[in-house]
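Colleague: Could you take me slowly through one part of this model? I am in my first year, so please spell out each step of the reasoning.

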Amino acid sequence: MKKFKGTEEEWVQGATFFSEEEEQPVYWIDIRVGDNKIASVKGIHYDIPNEECIANAKLIAAAPELLKALQESQKYLVELGTTESGEAYYNNMQAINKAL
């Protein structure tokens, strides 16, 4: 199986840039590894609502862990012998290959 070539350390949702008032729009959210920003999720300037912007940032921050979990589940599917006709196996491989 291919190896992930991206940043190996933990990805975290960093600072959220918006007004302190709850109704104010999110401008962007940083995704960080340590002190380094590796991604920025855009918000209101791109007509993306707060809830959607925050959800996108959470998903991106979790991406390396999700990929690892998917790769582990793929190993179990192989052990169970579901590689020939299993829809889960096929879907996992598609997602893994897309990420790598």
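I would like to look closely at Leu-70: which residues does Leu-70 touch, not counting residues up to four places away in sequence?

Modeller: Before the answer, please keep in mind that this is a predicted model, and every value below is computed from it. If we leave out residues up to four places away in sequence, Leu-70 touches Asn-92, Ala-95 and Ile-96. Leu-70 itself sits in helix H1, which runs over 50–79, while Asn-92, one of the residues it touches, belongs to helix H2, made up of residues 87–99. A second way to look at this part is through the backbone: Leu-70 and Met-93 are 23 residues apart along the chain, and 8.9 Å separates their C-alpha atoms.

How much of Leu-70 can be reached from outside is a separate matter, and here the cut-offs matter, because buried means under 20% relative accessible area and exposed means over 50%, with partly exposed in between. Leu-70 has a relative accessibility of 22%, and therefore counts as partly exposed. Asn-92, at 12%, counts as buried because that value is under 20%.

Looking back from the side of Asn-92, and again leaving aside neighbours within four places in sequence, we find it in contact with Leu-70, Ser-73, Gln-74 and Leu-77. A contrast in distance may help you place Asn-92 in the model: its C-alpha atom is 25 Å from that of Ile-38, a residue 54 places away along the chain.

Helix H1 can then be followed to other residues. Lys-58 is also in H1, and, at 52% relative accessibility, it counts as exposed because exposed means over 50%. Between the C-alpha atoms of Lys-58 and Trp-11, which are 47 residues apart along the chain, the separation is 9.8 Å.

Trp-11 leads us to the largest nonpolar core, a set of 10 residues that includes Trp-11, Ile-29, Ile-31, Val-41 and Ala-57. Strand E2, which covers 26–33, and helix H1 each supply at least two residues of this core, and the largest share, four residues, comes from E2. Ala-57, one of the core residues, is in contact with Gln-13, Ile-29, Ile-31 and Val-41 once its neighbours within four places in sequence are left aside.

Some of these contacts can also be traced through the strands. E2 pairs with strand E3, residues 36–42, in the antiparallel sense over six bridges. Within that pairing, Ile-29 has Val-41 in E3 as its bridge partner, and Ile-31 has Ala-39 there. The two strands form a hairpin with two residues between them, and Gly-34 in the turn has a positive phi of about 60 degrees.

Asp-47, in the loop between E3 and H1, brings us back towards the helix where we began. Most residues other than glycine have a negative phi, yet Asp-47 has a positive phi of about 60 degrees although it is not a glycine. Asp-47 counts as exposed because its relative accessibility is 70%.

To return to your question, then, the picture to keep is of Leu-70 in helix H1, touching Asn-92, Ala-95 and Ile-96 when residues up to four places away in sequence are not counted.

Definitions and conventions. Residues are numbered from 1 along each chain as its sequence is written. This is a predicted model: local features need pLDDT of at least 70, side-chain atom pairs count only at pLDDT 80 or more; totals for chains, interfaces and linings use all residues. Side-chain values use heavy atoms; hydrogens and water are left out. A nonpolar core is a set of buried Ala, Val, Leu, Ile, Met, Phe, Trp, Tyr and Cys residues joined through side-chain atoms within 4.5 Å. Buried means under 20% relative accessible area, exposed over 50%, partly exposed in between (1.4 Å probe, protein chains only). Contact means heavy atoms within 4.5 Å. Two strands pair if DSSP finds at least two bridges between them.
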